[in-house]
Amino acid sequence: MSAQHHEVMSLDLPEKAKIFLSEVWGIKKLHPPQSEAMPAVLSGSNTLLAIPTASGKSLIAYIGIMRKLLVDDIGSKAVYIVPLKALASEKYDDLKQLGNHLGLKVGLGIGDSVREVANIESCDILVCTSEKLDSMMRSNSDIVANVSIVIADEFHLMNDSSRGPTLEINLTRLRYLRPKSQVIALSATVGNCIELSQWLDATLIQSEWRPVALEYSTFHDLHIEPRMVQSSQIGEDNAKLNPPRDIDGPKSHPTGAIVIDSLAQDGQLLVFVGTRRSAQSEAHSLAKRVKKVLSKQDPERLEKLQQLVAKLSRNTQSSMGESLCEAISGGVAFHHAGLTHTQRKEIESAFKQGLLVALTATPTLAAGVNLPARRVLVRDIKRWDDGMSRPLPVMEIRQMLGRAGRPKYDDFGEAWILCKGTDGWEIADEVSDKYFFGPIENITSKLASEPAMRMHLLSMITSGGMQHRLSIIDFFKATFLGYCMPTIVLEERLDKMIHWLVEERFIRRVGIDEHFSVSHNIKQQSEDISMSETHMPAWAKMADSTGGVEFHNEVQDYSNKSYSERISAHSQASLGFTNASTLRTVGGWKDEVKNDDLAMKYEATIMGERITQFYLDPLSASILRHGMRRAIRRMVRGNAPVTDFGLLHLASATPDFSSLWAKTKDMVQGSPLWVKTNSVEDEMLHDSSYEERLLGYVKSAWMLEMWMDENTMREIEAALDVTPGDVNYRVDTISWLMAGAQAILMADDVFSDEHMEHISELSIQIDIVKQRVRHGCKKDLLQLVNIRTVGRKRARELASMGYRSVKSLAAMSKKEIKTLSSKRGWGPKIVDNMLIEVGKIIKPKKQIIDTEKIREDDIPLDDENYPVD
């Protein structure tokens with residue numbers, strides 16, 4: 001640790017930046033890990049910080065941004081990448097305050113508003129999700145032309161199969177486009193920090209220091225056994241373990257005993273459980289116990305909780321919302337993805353303010369917003385995954401436990417794991433060995449998965465400037481996947497994916513680019529290749545390490561062979577066997593896919609460009625295209641229906657849509673879902689031979705159909721056992737997929753011009769479905785719901801009163817306006833705002849064009865020739 005960096009006022013930053021940190025944020029001194037990071041950060045070096053939660057990683061990133069934008073590279077831009085929208089908003093608020101004091105403009109990119117675009121282009125600091133950044137770079141790579149520093153927050157989520165590949169591609173692409181820009185990666189402690197820092201060419205700052213001491217304990221049979229302490233004093237780990245103790249309460253409900261113990265110590269409890277259902281049931285059980293205590297000891301707190309319940313109840317339209325309000329009235333709430341955005345924000349705010357005693361949550365909260373508590377209990381250390389119950393990773397458990405201990409509020413935090421089983425002592429020891437003292441898993445690249453690779457490969461060819469095979473290989477070699485994977489294996493995967501994209505007509509082979517070949521000296525490069533560890537196949541490596549087996553690299557003339565043929569020629573097995581794939585005369589065997597020359601140039605087709613623009617998985621595009629071709633054939637032949645349900649089912653079957661799962665009761669013959677599936681069989685544009693998956697697709701489409709048909713959230717919830725959060729998320733997704741389907745339909749070139757009428761008809765049908773899904777209404781309300789402030793409920797009420805168009809609203813009399821204003825749920829202000837929006841849509845009569853006026857474009861030209869009767 002460097003002493004000169006310990007005091008904030010001694011940092012090599014502009015005076016106004018130091019005053020802001022010291023006076024506005026009240027930060028006088030840096031924590032030890034922050035001090036240790038300063039030499040690398042302030043010198044502009046890439047830095048990987050692997051330190052515990054709440055240890056001040058964000059401040060290090062903010063200091064790095066201030067140094068770059070105010071000192072080293074004035075006029076440049078910073079990009080702050082986060083994995084979640086909620087976290088983006090949190091960081092945006094911090095940086096907005098910083099920017100206001102230092103004259104820096106901050107932009108937010110999370111994809112929620114068209115107004116973001118102008119701010120993104122003009123801002124000095126851009127806070128965005130990985131997906132938004134990827135989308136922006138696809139459409140306009142100049143957006144990062146002057147980026148001087150990149151922050152990758154929650155860097156360990158590169159291990160996540162859904163978000164990880166996009167973050168990995170973004171970092172690789174930014175380093176490719178802006179090789180001199182500084183990268184600061186903020187990560188929890190992971191197993192292979194050294195390997196990751198080497199990939200980033202970064203200085204590694206690794207520490208277990210925490211600002212608030214954290215005591216890790218096992219809990220079984222109401223017995224608390226402290227096992228380890230992460231101390232705020234360096235070198236004092238495990239020095240101050242508290243003695244074991246028992247707590248009072250029923251053994252049948254250990255979590256209830258813990259929450260009462262937490263309440264007695266004036267602390268808050270955060271409980272992590274495995275499922276949404278568990279979060280809700282546990283919250284209700286805890287609320288009953290807490291309410292009894294509060295009614296005697298703190299009735300004022302119960303009154304404040306009732307005020308929160310009243311606020312949430314005004315917008316509650318589902319049994320899920322009612323269940324939440326019931327739990328909150330007892331001082332406990334549950335938190336999971338099934339809640340609406342508004343509900344989650346209110347709960348998080350109430351917990352941060354100390355109003356809620358306890359919060360039960362699924363593990364997704366651990367990767368989300370900053371929500372610490374005095375005590376954290378991990379109740380479930382297993383979850384159902386891929387058909388069986390599996391233990392949670394150490395990394396994930398540590399993330400949950402790291403939420404314990406609130407800086408500025410607590411002297412210490414308590415991180416407990418509930419140990420279930422008949423032999424509590426033995427299980428507790430095993431849990432402690434694994435989750436407290438055991439090694440943390442390595443981060444592995446998830447870019448090798450087919451969905452991630454095909455999506456990003458197409459993007460690189462379409463908009464990333466990687467149009468030659470050599471360029472593509474070199475780019476992917478620069479990823480963390482390429483850093484870890486043997487080159488020959490990586491090339492094989494890329495070549496297979498390129499072949500698939502060509503077969504699907506998303507890209508085309510232009511031919512060998514001789515100019516590229518000469519400029520990159522490919523021929524000379526090929527002639528100089530020798531057998532190395534990189535190109536030695538797996539069988540050869542195994543054989544070479546076996547006693548008595550030698551590997552000979554015979555010199556042959558490969559001058560007339562391509563680069564790939566030379567590599568494969570060096571790598572042929574010669575152990576007395578012949579590859580089955582070389583037996584081309586044997587029935588059933590197909591030729592292997594021949595690798596292209598390194599100078600082969602590719603370009604995206606119009607279809608490929610549309611897929612990239614709409615941020616679609618190419619497989620989703622293939623499924624949509626195939627289904628819409630079926631729809632056009634049906635329309636031309638008139639032998640089968642093309643329904644809105646069929647289009648919804650088609651989009652639900654794509655990998656970009658998170659399909660609902662059919663439950664056990666749904667798969668019983670004669671169940672409502674089973675009956676629905678059979679009744680819509682002739683409407684389906686996509687086939688699925690797997691029954692459970694088919695039922696899931698139908699359930700998803702049925703949910704969306706009910707939403708479009710104006711069923712209430714409560715009705716959808718009761719019929720299909722889904723939550724408001726599930727519906728809202730899938731409504732957003734299906735709207736995007738419908739827009740993508742339209743673009744794919746118009747880009748498809750297999751039908752002749754004589755079928756354009758049917759193509760246009762299908763495009764209009766898709767557009768109507770897209771609007772109906774977005775607004776959740778029937779077709780007759782589309783004019784009304786497009787008026788700002790008029791949702792589907794108000795639109796239906798207007799329609800029942802005879803107002804079905806914008807014109808009918810514009811023609812309302814004063815008496816009609818007064819009548820509408822007096823209705824429940826309306827009011828004069830809402831009606832006035834609605835009429836203002838109507839006025840923007842319909843121009844005043846004085847602006848209407850005079851139809852009797854002679855138009856200049858109606859006057860014939862002198863040389864126009866008309867036939868004479």
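Me: Which residues line the second largest cavity?
Reply: Happy to start there, bearing in mind that this is a predicted model. The second largest cavity has a volume of about 60 Å³. Its lining is made up of Ile81, Val82, Pro83, Ser130, Glu131, Asp153, Leu157, Arg163, Gly164 and Leu167.

Me: Which elements give two or more residues to the lining of the second largest cavity?
Reply: By class, that lining holds five nonpolar, two polar and three charged residues. The elements that give two or more residues to the lining of the second largest cavity are strand 2 (77–82), helix 6 (130–139) and helix 7 (164–177).

Me: What is the volume of the largest cavity?
Reply: Let's set the scene with the count, which comes to four cavities of 30 Å³ or more. For the largest cavity, the volume is about 160 Å³.

Me: Which residues are the closest to the centre of the largest cavity?
Reply: The lining of this cavity has seven nonpolar, five polar and three charged residues. Of the 15 residues that line the largest cavity, the closest to its centre are Pro52, Thr53, Ala188, Thr189 and Arg398.

Me: Which element supplies the largest share of the lining of the largest cavity?
Reply: Two elements, strand 8 (213–220) and helix 14 (394–401), each supply at least two residues of this lining. The largest share is three residues, and the element that supplies it is helix 14.

Me: Which residues touch the most other members of the largest nonpolar core?
Reply: A bit of background helps: in soluble globular proteins, nonpolar side chains tend to be buried together. The largest nonpolar core here has 101 residues, and those that touch the most other members are Leu133, Phe155, Ile328, Ile397, Leu401, Ile417 and Tyr435. The largest share of this core, seven residues, comes from helix 10 (residues 276–297). A second, separate core of 82 residues includes Leu458, Ala631, Met635 and Leu694. To return to the question, the residues of the largest core with the most such contacts are Leu133, Phe155, Ile328, Ile397, Leu401, Ile417 and Tyr435.

Me: Which residues does Ile397 touch?
Reply: Ile397 is among the residues that touch the most other members of the largest nonpolar core. Leaving out residues up to four places away in sequence, Ile397 touches Val378, Ile381, Leu392, Ile417 and Tyr435.

Me: How far apart are the end C-alpha atoms of helix 30?
Reply: Helix 30 (residues 724–747) has 24 residues, so at 1.5 Å a residue it should span 34 Å. The model agrees with this, as the end C-alpha atoms are 35 Å apart.

Me: How many of the 24 residues of helix 30 are buried?
Reply: Helix 30 is largely enclosed by the rest of the structure, because the buried residues number 19 of the 24.

Notes
Residues numbered from 1 in each chain as written. Predicted model: local features only at pLDDT ≥ 70, side-chain atom pairs only at ≥ 80, totals over all residues. Heavy atoms only, no water. 1 Å grid on protein atoms, 1.4 Å probe; cavity = no way out; pocket = protein on both sides within 12 Å on 5 of 7 lines; lining within 4 Å. Points joined across faces, edges and corners; volume = space filled by probe spheres on them. Helix = DSSP H or I, 4+ residues; strand = E, 2+ residues; numbered from the N terminus. Nonpolar A, V, L, I, M, F, W, Y, C, P; charged D, E, K, R; others polar. Core = buried A, V, L, I, M, F, W, Y, C linked by side-chain atoms within 4.5 Å. Buried < 20%, exposed > 50% of the residue type's maximum accessible area, 1.4 Å probe, protein only. Contact = heavy atoms within 4.5 Å. Expected span 1.5 Å × (residues − 1).
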